[in-house]
Amino acid sequence: MNGEQAVQLDELDVRLIDLLAEEPRIGVLECSRRLGVARGTVQARLDKLVDRGVIGGFGPDISPAAIGFGVTSFVTLEISQRHGHDPVTAHLAAIPEVLEAHTITGSSDLLCRIVARSNTDLQRVIDQIVSSAGITRASTIIALAEQIPYRTLPLVRSAVRR
C-alpha cells in the first residue's frame, strides 16, 4: 500500500470476501441473506473494501492455458539506466503476453510473468520484449507446473487473526 495505513479487516469482511470469491456473480441482496446482515451493511462494507483498495476488481479470473497460452515463464530484465523504467514499462505494456511486471532489487531491474502458446512462440515473445533499446539483458525461466496458484484468500483470512 506504499506507505498507507493497512486496512483492518474483521470477521464480516473476511466472510464477505470469501463469499464473493466462491460465487463472484452473487448479488448484494443474496450476500446479505447468507451472511445474516442487512443489505445496507453488505453494500457499505463492499464499498469500503473497494474504496480502500482491498478489492481491486470483480472481473473473471482468466486461465491463459485454457485460451491456448500453455507456457508460463518468468523473465528478469536488466535495463539501461540512461533510458529508465518508463519507456521499458510502456514497451512491455504493449505486449499482450506480458501479464505483469515488477521493479525488483538485486542484479536485475524488472521481473515479468509472461505466457506463450509454445516454446517456439515463447522465443517470439522474448524477442519482442528485448527489442526495446532500454533493455540490456534478459534471463528466462520456464515454469514446468503450477504448484500453488496465485491466491490471496489465505492471506485475507490470516489478516483478521492478527
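**View 1. Contact of helix α1 with helix α3 in the predicted model.** On the α1 side, Leu12, Asp13, Leu16, Ile17 and Leu20 meet a set of α3 residues made up of Thr41, Val42, Arg45, Leu46, Lys48 and Leu49. Taken together, the residues of this contact divide into seven nonpolar, one polar and three charged. The axes of α1, which spans residues 11-22, and α3, which spans residues 39-51, come within 11 Å and cross at roughly 85 degrees. Angles of 65 to 115 degrees count as roughly perpendicular, and α1 and α3 are therefore roughly perpendicular to each other.

**View 2. The open sheet and its strand order.** Four strands make up this open sheet, arranged in the order β2-β3-β1-β4 with antiparallel pairing. At the edges are β2 and β4, the latter formed by residues 135-143, and each of these two strands pairs on one side only. With direction ignored, neighbouring strands of the sheet are turned by 20 degrees against each other on average. Strands of a sheet pair through backbone hydrogen bonds, either parallel or antiparallel.

**View 3. Pairing of β3 with β1 and with β2.** Seven bridges link β1 and β3 in the antiparallel sense, and Val71 stands opposite Ala116 in β3. The strands β2 and β3 also run antiparallel, joined by five bridges, and here Glu100 has Arg113 in β3 as its bridge partner. A hairpin is formed by β2 and β3 with six residues between them, and in its turn Gly106 has a positive phi of about 105 degrees.

**View 4. Helices α4 and α5 against the sheet.** Helix α4, covering residues 85-93, packs on the sheet and touches β1, β2, β3 and β4, with its direction making about 10 degrees with that of β3. Helix α5, covering residues 119-130, lies across β1, β2, β3 and β4, and runs at about 140 degrees to β3.

**View 5. The largest pocket and its lining.** The volume of the largest pocket is about 1,900 Å³, and its lining comprises 48 residues, of which Asp61, Pro149, Tyr150, Arg151 and Thr152 lie nearest the centre of the pocket. Two or more lining residues are given by each of the elements α1, β1 (71-79), β2 (98-103), β3 (110-116) and α6 (153-161). The largest share, four residues, comes from α6. By residue class, the lining of the largest pocket divides into 31 nonpolar, 10 polar and seven charged.

Terms used
Residues numbered from 1 in each chain as written. Predicted model: local features only at pLDDT ≥ 70, side-chain atom pairs only at ≥ 80, totals over all residues. Heavy atoms only, no water. Axes fitted to C-alpha atoms, helices over the stretch in contact; angles between N-to-C directions. Parallel < 35°, antiparallel > 145°, perpendicular 65-115°, else oblique. Contact = heavy atoms within 4.5 Å. Nonpolar A, V, L, I, M, F, W, Y, C, P; charged D, E, K, R; others polar. 1 Å grid on protein atoms, 1.4 Å probe; cavity = no way out; pocket = protein on both sides within 12 Å on 5 of 7 lines; lining within 4 Å. Points joined across faces, edges and corners; volume = space filled by probe spheres on them. Pairing = 2+ DSSP bridges.
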